[in-house]
Each structure stands twice: as structure tokens, then as C-alpha cells.
Amino acid sequence: MLRVIEPATEEVLAEVPRATAADVDAAVARARAAWPAWRAVAPGDRAALLRRLADVIAKHHDELSVLEARNAGKPIGDARGEIGMVVDTFRYYAGAPERLLGDTIPVAGGLGFTVREPLGVVGLITPWNFPLAIASWKLAPALAAGNTVVLKPAELTPLTALRFAELALEAGLPEGVVEVVAGPGSECGARLVEHPDVAKVAFTGSTEVGRSIAAGAAATIKRVTLELGGKSANIVFADADLEQAAASAPGAVFGNAGQDCCARSRILVERGALDRFMEALEEAVDALQVGDPLDEATQMGPLISAGQREQVASFVNGDAPIAIRGSAPDGPGFWFAPTVLCPVSNDDRAAREEIFGPVAAVIPFRDEAEAIALANDTIYGLSGSIWTRDGAKALRVARAVETGVLSINSNTSVRVSTPFGGFKQSGYGRELGPHATDAYTEVKTVYYATEGR
Ligand code: NAD
């Protein structure tokens with residue numbers, strides 16, 4: 001059995017059957033058997049089923065939000081937002097089956113055109129930080145494009161995925177179209193990657209595991225998309241609205257207790273503004289409500305596990321001085337107080353490695369050129385922010401920073417309607433937005449000879 005722990009209490013929340021490689025094989029076989037009928041469902045009917053699925057999830061919004069908040073230790077307000085996003089994602093991709101367009105291309109002697117074909121059975125491997133939301137970014141376009149799926153959620157947070165499988169049936173999706181296997185990554189995830197009947201693996205998780213998935217997928221030339229780690233820069237120029245930049249900086253790095261691939265964990269601040277920024281940042285960190293995820297006022301919950309807390313703690317009390325320390329509850333629960341290190345050199349371990357916890361590194365910079373150089377001096381390139389009142393400078397820096405998703409005078413990253421994904425070792429491929437179904441289809445070119453050739 002998999003013992004699922006509630007991070008805020010350290011108590012067992014549920015026990016669920018622990019899937020094995022044999023369970024993965026059986027799930028792939030069911031998904032493969034379901035595929036011919038699913039791909040043959042008329043586009044409008046597939047769209048109607050996805051809309052119905054969105055409605056069923058919306059009907060269970062409260063139940064799923066509480067389950068996610070308890071299992072992942074995230075504030076209930078955040079969990080509600082995430083389940084709301086799951087509903088929106090299915091509604092958005094319900095528009096896709098009828099818009100899987102091809103091209104007609106001028107050629108001699110006949111007609112050339114392209115169609116988008118589904119891939120077959122797609123393996124989806126997801127992390128524990130935004131369990132059902134990240135799964136939906138893969139599920140919705142994959143299903144819309146006519147694939148069947150086998151979803152392997154993270155071992156620590158399988159509960160909403162397992163419930164989702166039941167809701168998919170309730171919405172009328174045929175048996176086998178959505179399979180969920182809750183088991184260890186090294187066994188079940190690895191089996192999906194090597195399985196000859198899995199056409200593609202869409203993965204979100206650490207860069208380290210992503211690397212092994214890319215290597216494993218090479219054996220069967222499996223299609224792979226990878227959404228991996230980050231070490232994003234929040235670049236604050238002296239001419240910015242400093243109060244606004246400082247007030248929103250904690251949310252950008254301590255949201256989800258810092259367990260966010262988009263966390264702006266390097267805060268780059270122009271030297272002349274450093275003192276004023278740090279004063280305002282301290283106020284904002286002190287005001288952050290850390291506590292029981294089910295309390296409506298909570299803004300930050302515990303970390304996911306004892307192991308994660310140990311890993312995060314190893315970044316504090318290193319070379320970089322602690323400038324700000326927020327509060328966290330005592331007693332049971334994997335709590336860690338939000339912590340700001342300043343000044344940090346971009347060569348320090350806290351600036352180079354993804355901490356995946358509530359620890360921010362403030363790195364001072366001299367000018368625009370140095371800000372860009374520092375922002376890009378990392379193996380990652382997922383997200384980031386730029387704060388300035390100078391529009392031309394904002395656009396210059398936005399073009400120069402090597403990252404997949406950026407916001408100017410804002411710290412947002414993910415929207416259902418815009419592409420999301422990384423540069424460099426933050427991965428390849430894009431999720432969400434109008435083109436996400438491209439990653440779940442193959443282009444087929446057909447030539448029809450009209451002049452006997
Ligand atoms: P992880 O890489 O440890 O695990 C992710 C998933 O992969 C889990 O389901 C796990 O069971 C599975 N897995 C583990 N070993 C495997 C193997 N050998 N073969 C196949 N599957 C395997 O990541 P995590 O700790 O769950 O999540 C945190 C990481 O995810 C962070 O690095 C974070 O940045 C990243 N992340 C990225 C994004 C993004 O969109 N770029 C979003 C969220 C999280």
C-alpha cells in the first residue's frame with residue numbers, strides 16, 4: 001500500500017494500492033484497447049464529453065480542493081484556484097477537437113494536404129507540487145487530440161488523480177480512455193518510459209529525472225516533452241514601483257511554500273534601490289500568514305515532507321547571511337519559515353541550485369547589462385519577472401533573458417490560454433495555449449494525384 005501523509009499534521013491521510021510495473025502494463029493494454037474507438041469519436045462529440053468532464057469537476061470543486069489542500073499541504077484558497085484552473089483547462093481544450101486544422105499546400109499534379117493524427121497511448125508523469133492542475137495541462141490536450149492516457153501521479157500526492165479517474169467515468173468518458181496508476185516513479189514511471197506501446201511521455205518534474213526520461217525514451221524513439229526545474233530571476237530596477245515590487249516578491253517565491261518550478265528564487269535588485277527594497281520586503285515577509293492549510297487566512301503551508309524540509313534547510317546557514325526570517329508554526333507538520341538571504345553572490349549554492357522551498361536569494365546588480373548577465377547565468381530558463389517604469393528597458397530585458405515565460409511589473413507565469421515551458425535545462429516543449437495539441441499529434445502529409453501521377 002502507498003501511505004499518503006498529510007504534510008500539515010504528519011498523519012496518514014489515506015492508504016491506496018501501490019501500483020507495480022505489471023499494473024502499468026495492464027493499464028497501457030486497456031488504454032491501447034480503448035484508443036481506436038476514442039479516436040473515432042466525432043470531433044463535436046469528443047468536445048461535448050470534455051465539456052461534460054469540466055462540469056463534473058466543477059460540481060466536485062470543493063471536495064477536490066480540500067483533498068488537494070490536505071494532501072499537498074497548500075492553502076485552501078490556492079487549492080480552490082488550482083481546481084478552478086483544471087475546470088478552465090478542460091473547457092479551453094474542449095474547443096480543440098473541432099480545430100485540429102491541417103494545411104492545403106500547392107503541389108504539381110494533384111493536391112497536397114496535411115492532417116493531425118493522434119499518437120496513441122500517452123504516458124503522463126506528474127509531480128507533487130500542483131498535482132491535478134499540472135496533470136490537467138497534459139490530460140486535456142492529449143484527450144482532445146484523440147489519444148488515450150495513462151497518468152502516473154507523484155507517490156506523495158496521488159489522491160486527486162485517483163478521484164479524477166472516477167469523475168472521468170462519471171462524465172461519460174469510455175473505460176480505458178483515462179487510466180491512473182499510483183506507484184513509485186522508479187518502477188511505474190520508468191515502465192511507462194520504456195513501454196513499447198506508449199507513444200509519448202509528457203513529464204513534469206525535476207531536471208535530474210527528466211534527463212533519465214529523455215535517455216530512456218531514446219530506446220524506442222518515444223516523443224517526450226519535459227517541464228523541469230527553474231531558478232528564475234525577479235529583476236527589480238531602481239526606477240520600478242519598489243513598494244509594489246517588494247509587496248509582491250514574497251508571493252513570487254514563497255507561494256506553495258516555494259515548491260514551485262516558477263519560483264522567482266533569485267531576486268536581482270539594482271544596488272541604488274537595495275536598502276529601500278529590503279525594508280519593504282521585510283514588511284511583506286513579516287505579514288505573510290504561515291499555518292494550517294485549511295484556515296482561510298493562510299498564505300503559506302508546510303513543505304511536502306520531512307525529506308524536503310531537510311533538503312531546504314541545507315541552503316540556510318551556508319555562506320549567505322540571513323537578512324529576513326518570517327514565522328512558522330511549531331509542532332507537527334513539515335514547517336519552514338520563509339527566509340531571505342542577502343547579499344548573495346550568483347556563484348553561491350543558494351543561487352545556483354533549485355531549492356524548492358521558501359528560501360529567496362537577493363543578489364544586487366550594477367546596471368542593465370549585469371542584470372541580464374546574472375539572470376542568464378544559470379542552467380535553467382523557465383520563468384521570471386522584470387520591474388521597471390521604463391517600457392523600452394522592460395522590453396529590451398524581456399528579449400534578452402533566456403527564459404520561456406516572463407512577466408513585466410507582475411509575477412504571474414501560467415495562464416490556460418498562453419504557452420508555458422522552459423528554455424535550456426528547464427525542459428522542452430510547451431504546454432497550455434492554443435498550440436498544446438501539436439505536442440499530442442503527428443503531422444501526416446497526404447498527396448492525392450489528380451493527373452494520373
Ligand atoms: P520528481 O522528478 O522527483 O518526480 C516527478 C515525477 O516523476 C513523479 O511522478 C515521480 O514518481 C516520477 N519519477 C521519479 N523517478 C522516475 C523515473 N526514474 N522514471 C520515470 N518517472 C520517475 O519531481 P518532484 O519532486 O515530484 O517535483 C519537483 C520538481 O518538479 C522540481 O524540480 C520542479 O521544478 C519540477 N516542476 C516543474 C514544473 C514545470 O512545469 N516546469 C512544474 C512543477 C514542478
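**Pockets, ligand surroundings and local geometry**

Gly230 is found in the loop between strand 9 (223-227) and strand 10 (233-236) of what is a predicted model. With a relative accessibility of 4%, Gly230 counts as buried, because a residue is placed in that class when its relative accessible area is under 20%. When residues up to four places away in sequence are not counted, Gly230 touches Cys261, Glu354, Tyr380, Leu382 and Ser426. The C-alpha atom of Gly230 is separated by 25 Å from that of Ser327, a residue 97 places apart from Gly230 along the chain.

Glu354, one of the residues touched by Gly230, also belongs to the surroundings of the ligand, where 28 residues are found and where Thr126, Glu155, Ser206, Leu228 and Glu354 are the closest. A polar side-chain atom of Glu354 lies 2.5 Å from an oxygen atom of the ligand. Backbone atoms also approach the ligand: an N or O atom of the Leu228 backbone lies 2.7 Å from a ligand nitrogen atom, and an N or O atom of the Gly205 backbone lies 3.2 Å from a ligand oxygen atom.

Gly205 and Ser206 recur in the description of the largest pocket, since they are listed with Trp128, Phe203 and Val209 as lying nearest its centre, among 38 lining residues. The elements that give two or more residues to this lining are helix 7 (185-194), strand 8 (198-204), helix 8 (207-217) and helix 11 (306-313). Helix 8 provides the largest share of the lining, with seven residues. The space within the largest pocket amounts to about 910 Å³, and its lining divides by class into 18 nonpolar, 14 polar and six charged residues.

The second largest pocket holds about 580 Å³ of space. Its lining consists of 25 residues, of which Phe130, Asp260, Asn411, Ser413 and Val414 lie nearest the centre. Two or more residues of this lining are given by each of helix 4 (76-93), helix 5 (131-144) and helix 9 (242-254), and helix 4 gives the most, with four. By class, twelve of the lining residues are nonpolar, eight are polar and five are charged.

In addition to the pockets, the structure holds three cavities of 30 Å³ or more. The largest cavity, with a volume of about 80 Å³, is lined by 13 residues, and Gly258, Asp260, Ala263, Ser265 and Phe356 are the closest to its centre. Asp260 is thus named both here and among the residues nearest the centre of the second largest pocket. The lining of the largest cavity comprises six nonpolar, four polar and three charged residues. The second largest cavity has a volume of about 70 Å³, and of its 14 lining residues Ala375, Tyr380, Gly381, Ser383 and Thr403 lie nearest the centre; Tyr380 is also one of the residues touched by Gly230. By class, this second lining has five nonpolar, six polar and three charged residues.

Helix 7, which contributes to the lining of the largest pocket, has Cys188, Gly189, Arg191, Leu192 and Val193 as its buried residues. These buried residues pack against helix 1 (21-40), strand 5 (121-125), strand 6 (148-152), strand 8 and helix 8. His195 lies in the loop that joins helix 7 and strand 8, and is buried, with a relative accessible area of 7%. The side chain of His195 reaches the backbone nitrogen of Asp197 at 2.9 Å, and, with neighbours within four places in sequence left aside, His195 is in contact with Asp25, Val28 and Lys222.

Some local backbone geometry also deserves mention. Most residues other than glycine have a negative phi, and most peptide bonds are trans. The peptide bond from Cys342 to Pro343, however, is cis, with omega near -10 degrees, and Pro343 is placed in the loop between strand 13 (339-341) and helix 12 (349-352). Positive phi values in residues other than glycine are found for Asn409, near 55 degrees, and for Lys424, near 50 degrees. Asn409 is found in the loop between strand 16 (407-408) and strand 17 (427-428), and Lys424 likewise lies in the loop between strand 16 and strand 17. Asn409 is partly exposed, at a relative accessible area of 39%, and Lys424 is partly exposed, at 35%.

How values were computed: Residues numbered from 1 in each chain as written. Heavy atoms only, no water. 1 Å grid on protein atoms, 1.4 Å probe; cavity = no way out; pocket = protein on both sides within 12 Å on 5 of 7 lines; lining within 4 Å. Points joined across faces, edges and corners; volume = space filled by probe spheres on them. Nonpolar A, V, L, I, M, F, W, Y, C, P; charged D, E, K, R; others polar. Buried < 20%, exposed > 50% of the residue type's maximum accessible area, 1.4 Å probe, protein only. Contact = heavy atoms within 4.5 Å. Near = heavy atom within 4 Å. Polar contact = N/O pair within 3.5 Å; in protein donor to acceptor, adjacent residues only side chain to side chain.
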